[in-house]
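Visitor: I would like a close look at a single part of this structure, taken slowly. Please choose one helix and follow what surrounds it.

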Amino acid sequence: MNENKENNIQTLGLGGSCHWCTEGIFQSLIGVSNVKQGWIASEKPYQEFSEAIILDFSPDEISLQDIIAIHLHSHSCTSEHQLRAKYRSALYFFNADQEQDFENILKAHQSDFDKPILTQVLPFSSFRQNSDQYLNYYQNNPEKPFCKNYITPKLKMLKEKFSKNLNRDALLTL
């Protein structure tokens, strides 16, 4: 499930607080071909589902390093709070190579932050997709207060820090 060698497509899971926000961010990137929004569970003790996405991307168009950097900078990857189980900061891997890559990339990005990165590297176990009415939430509801207050500012930050990775439509709307 993690790699389609014929098309050079890779799959990974990302938990970064609200799945609506994470979905909106990663749908706006060049090289990301599919984003599924919902809940991911891992293995014990992280079997509780938390809000997350699964995405497919082409490493020929966007690197794994850029995907993870964008992920870390687009949510609170260094803060602890009481709802961390539901809004877990995580990278979900599908094989041992991904696990090692994730660990190395997290170490490389630690210097970007003043506090320790709390993002967990966890094995993917299962996924439950959100109901249809909430899929593509930002694309379908950009004027809703939640989107304006939470997702649009994150996309503007991406435009400032990661504009080379944003697709044309995202650049035009910001």
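Guide: What follows is a walk around helix α1 in a predicted model, with a few other sites added at the end.

Helix α1 runs over residues 19-27, and nine of its nine residues are buried. In order, these are His 19, Trp 20, Cys 21, Thr 22, Glu 23, Gly 24, Ile 25, Phe 26 and Gln 27. What do these residues pack against? Among the strands, the partners are β2 (9-16), β3 (32-41) and β4 (50-57). Among the helices, they are α2 (64-73), α4 (137-140) and α5 (145-162).

The approach to the helix comes next. Ser 17 is in the loop between β2 and α1. Its phi is near 70°, a positive value in a residue other than glycine. Most residues other than glycine have a negative phi. Ser 17 has a relative accessibility of 17%, so it counts as buried, the limit being under 20%.

Trp 20 is the residue of α1 to follow into the aromatic contacts. Six aromatic pairs are counted in the model. One of them joins Trp 20 to Tyr 137 and is stacked, with 3.7 Å from centre to centre and 10° between the planes. Because Trp 20 lies in helix α1 and Tyr 137 in helix α4, this pair ties together parts that are 117 residues apart in sequence. Trp 20 and Tyr 137 are both buried. Tyr 137 also pairs with Tyr 134, and here the geometry is tilted: the centres are 6.4 Å apart and the planes make an angle of 35°. Are the two tyrosines, Tyr 134 and Tyr 137, buried or partly exposed? Tyr 134 has 30% relative accessibility and so counts as partly exposed, whereas Tyr 137 has a relative accessible area of 8% and is buried. Trp 20, Tyr 134, Tyr 137, Phe 146 and Tyr 150 form one aromatic cluster.

Beside Tyr 137 in sequence is Asn 136, in the loop between β7 (126-129) and α4. Asn 136 is another residue other than glycine with a positive phi, near 55°. At 29% relative accessibility, Asn 136 counts as partly exposed.

Helix α1 also takes part in enclosing empty space. A search of the whole structure finds one cavity of 30 Å³ or more, and the space in the largest cavity is about 30 Å³. Which residues line the largest cavity? They are Gly 16, Cys 21, Thr 22, Ile 25, His 71, Ser 74, His 75 and Lys 154. With three residues, α1 gives the most to this lining. By class, the cavity lining has two nonpolar, five polar and one charged residues.

The largest pocket is a separate item, and holds about 290 Å³ of space. Its lining has 16 residues, and those nearest its centre are Tyr 138, Leu 155, Asp 169, Ala 170 and Thr 173. Helix α1 supplies at least two residues of the lining, as do α4, α5 and α6 (168-173). The largest share, four residues, comes from α5. The pocket lining divides into five nonpolar, seven polar and four charged residues.

Helix α5 also carries Lys 161. Lys 161 is exposed, with a relative accessible area of 52%. Between Lys 161 and Gln 129 there are 30 Å from C-alpha to C-alpha, at a separation of 32 residues in sequence.

Helix α2, one of the packing partners of α1, leads to the next site. His 109 is in helix α3 (residues 96-109). At 16% relative accessibility, His 109 counts as buried. Leaving aside neighbours within four places in sequence, His 109 is in contact with Gln 65, Ala 69, Leu 72 and Ile 117.

Strands β3 and β4, also partners of α1, have a loop between them that contains Pro 45. The peptide bond from Lys 44 to Pro 45 is cis, with omega near 0°. Most peptide bonds are trans. A last ring to note is that of Phe 49: Arg 128 lies over its face, at 4.2 Å from the ring centre.

To return to the starting point, helix α1 is mostly covered, its Trp 20 is stacked with Tyr 137, and its residues give the most to the lining of the largest cavity.

Definitions and conventions
Residues are numbered from 1 along each chain as its sequence is written. This is a predicted model: local features need pLDDT of at least 70, side-chain atom pairs count only at pLDDT 80 or more; totals for chains, interfaces and linings use all residues. Side-chain values use heavy atoms; hydrogens and water are left out. Buried means under 20% relative accessible area, exposed over 50%, partly exposed in between (1.4 Å probe, protein chains only). Contact means heavy atoms within 4.5 Å. On a 1 Å grid over the protein atoms alone, a cavity is a set of points where a 1.4 Å probe fits but cannot get out, and a pocket is an open set with protein on both sides within 12 Å along at least five of seven lines; lining residues have an atom within 4 Å of a point. Grid points are joined across faces, edges and corners, and a volume is the space filled by probe spheres set on the points. Ala, Val, Leu, Ile, Met, Phe, Trp, Tyr, Cys and Pro count as nonpolar, Asp, Glu, Lys and Arg as charged, and the others, Gly among them, as polar. Rings of Phe, Tyr and Trp (its six-membered ring) pair if their centres lie within 6.5 Å; planes under 30 degrees apart count as stacked, over 60 as edge-to-face and the rest as tilted. A charge sits over a ring if NZ of Lys or CZ of Arg is within 6 Å of the ring centre and within 35 degrees of the ring normal.
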